[in-house]
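Colleague: I would like to learn how to read some local features of a protein model, and I would ask you to take them one at a time, giving the general idea before the case.

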Amino acid sequence: MIDAVMPSVSCDTVRKARREHTCCECHQVIKIGEKYHLLKGCWEGKWDEYKTCIDCQVLREEIGTLYRGDELPPFGELSEWAHESGFEFPYP
C-alpha cells in the first residue's frame, strides 16, 4: 500500500478463516477457524487485499490511536512502527 493514499473503493471486515492464510505483518499462519482482519481495496487503479491476524490488527489500532494521532501504519510497516513506539514485535 502506498503511504497517505486512501483507496478509492474498500471493504474492511473481520472474518473467520475457512482456510489457512498468512498475516501480512507478522507472517504467522492464520489457522482455520481463527478470526482475522481483511481489507480489500483499490489504490490508484490497482486492487489489493491485506489479511492481518487479530493480534497485529489490535497493535496497529493501538499504535495509531496512542502514538500517531489515529494514523495507522501502512501494511507491511507494523514492525517498524511498533519498535519506534516501544512495543515488542513480533510478539513474545
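Modeller: Let us begin with the vocabulary of elements: helices, with at least four residues coded H or I, and strands, with at least two coded E, are DSSP runs that are numbered from the N terminus. The model itself is predicted.

Colleague: With that vocabulary, where is Glu44 found?

Modeller: Glu44 is found in the loop between strand S4, residues 35-43, and strand S5, residues 46-53.

Colleague: What should I look for in the backbone angles there?

Modeller: As a general idea, most residues other than glycine have a negative phi. Glu44, although not a glycine, has a positive phi of about 50°, and at 60% relative accessibility Glu44 counts as exposed. His27 is another case, with a positive phi near 65° in a residue other than glycine; His27 lies in the loop between strand S2 (21-22) and strand S3 (29-30), and His27 is exposed, with a relative accessible area of 57%.

Colleague: How many disulfides does a search of the whole structure find?

Modeller: In general, a disulfide is a covalent bond between the sulfur atoms of two cysteines. Here, a search of the whole structure finds zero disulfides.

Colleague: Why does Cys56 not form such a bond with Cys53?

Modeller: The closest cysteine sulfur to that of Cys56 is in Cys53, at 3.5 Å, which is too far for a bond, because the two sulfur atoms would have to lie within 2.5 Å. For Cys42, the closest cysteine sulfur is that of Cys11, 14 Å away, and this too is too far for a bond. Cys56 is buried, with a relative accessible area of 0%, and Cys42 is buried as well, at 8%.

Colleague: Is Gln57 buried or exposed, and which residues does Gln57 touch beyond four places away in sequence?

Modeller: Gln57, which has its place in helix H1 (residues 54-67), has a relative accessible area of 8% and is therefore buried, the limit being under 20%. Leaving aside residues up to four places away in sequence, Gln57 touches His37 and Thr52, and the side chains of Gln57 and His37 are joined by a polar contact of 3.3 Å.

Colleague: Which residues form a nonpolar patch on the surface?

Modeller: Val14, Ile54 and Val58 form that patch, and together they have about 240 Å² of accessible area. Val58, found in helix H1, is partly exposed, with a relative accessible area of 45%.

Definitions and conventions. Residues numbered from 1 in each chain as written. Predicted model: local features only at pLDDT ≥ 70, side-chain atom pairs only at ≥ 80, totals over all residues. Heavy atoms only, no water. Buried < 20%, exposed > 50% of the residue type's maximum accessible area, 1.4 Å probe, protein only. Polar contact = N/O pair within 3.5 Å; in protein donor to acceptor, adjacent residues only side chain to side chain. Contact = heavy atoms within 4.5 Å. Patch = residues over 30% accessible without salt bridge, like charges linked within 9 Å, V, L, I, M, F, W, Y side chains within 5 Å. Areas by Shrake-Rupley, 256 points an atom, 1.4 Å probe, with all protein chains shown as cover. Salt bridge = Lys/Arg side-chain N within 4 Å of Asp/Glu carboxyl O.
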